[in-house]
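Colleague: I'd like to learn how to read side-chain packing in a model like this one. Could you walk me through it?

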Amino acid sequence: MRTVRGKEVRVTGLNKGLRKIEVALKWDPSPAGEPPHDLDIVAGTYRAADPYGEPAYLVHFDSRSPDGTINLNRDSRTGQGFGVDESMTLELERLSSEYSRVVVGIVIQRSSGRKTFGDVPNTSVRILNGYTELITSDFTGVSGATAATVAVFTRDDSGEWGMQSAIRGFDTDPEDFGRLMGQDYS
């Protein structure tokens, strides 16, 4: 496994008191005759007792959190369509106090062979808190990666959620990414 740091992140607006987050991912479809590009948003939720251990659960394609606080609202397997191809909602204010950390990442499926963010045209992610844009990235800083974390949400001692940008690329398969994405890389 190899990690790559990216620097194309812009963080604006609120950084404390986050409530309802939307993660929006888009990319262009493959050229005609080529295997489809399939990217997925993944969120890992970590217990307060072990914030850098194994995720308590992962939310990704065809799943949602057990308590309904993290939902994949839209899932594209091709990037076809207008606007956002995938979106996920995180209702942090409803998440049990048992959890203190949520890591959000993007992974490229490998059903048609290894692809990197540089192989998928016009890939971008945007993270919003209501109407306030928190992060935008086009993955140029991690163009050689097959997966990337994009944000880490943490709950402080008072119960308030904050966010830090965390564009970090990984050269790994989707299964290993789910296990590795929340580790402490500081």
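Colleague: Which residues touch the most other members of the largest nonpolar core?

Modeller: Keep in mind that this is a predicted model. A nonpolar core joins buried nonpolar residues through side-chain atoms within 4.5 Å. Here the largest one has 37 residues, and Val 102 and Phe 153 touch the most other members. Strand β7 supplies the largest share of this core, five residues.

Colleague: What does Val 102 touch, leaving aside residues up to four places away in sequence?

Modeller: Its contacts include Ile 70, Leu 90, Leu 92, Leu 95, Phe 153 and Trp 161. Apart from the largest core lies another, of 11 residues, with Val 103 and Phe 170 among them.

Colleague: Now the rings: how many aromatic pairs are there?

Modeller: The count is three. To read a pair, check the angle between the planes: over 60 degrees counts as edge-to-face. Tyr 57 and Tyr 99 are edge-to-face because their planes stand at 80°, with the ring centres 5.6 Å apart. This pair links distant parts of the chain, since Tyr 57 is in strand β4 and Tyr 99 in strand β7, 42 residues apart. Both Tyr 57 and Tyr 99 are buried.

Colleague: How are Phe 170 and Phe 177 arranged as an aromatic pair?

Modeller: Phe 170 and Phe 177 are edge-to-face too, at 5.3 Å centre to centre with 70° between the planes. Buried means under 20% relative accessible area, so Phe 170, at 1%, qualifies. Phe 177 is also buried, at 1%.

Colleague: And where does Arg 101 lie relative to Tyr 46?

Modeller: Arg 101 sits over the face of Tyr 46, 5.3 Å from the ring centre.

Methods: Residues are numbered from 1 along each chain as its sequence is written. Side-chain values use heavy atoms; hydrogens and water are left out. Rings of Phe, Tyr and Trp (its six-membered ring) pair if their centres lie within 6.5 Å; planes under 30 degrees apart count as stacked, over 60 as edge-to-face and the rest as tilted. Helices (H or I, at least four residues) and strands (E, at least two) are DSSP runs, numbered from the N terminus. Buried means under 20% relative accessible area, exposed over 50%, partly exposed in between (1.4 Å probe, protein chains only). A charge sits over a ring if NZ of Lys or CZ of Arg is within 6 Å of the ring centre and within 35 degrees of the ring normal. Contact means heavy atoms within 4.5 Å.
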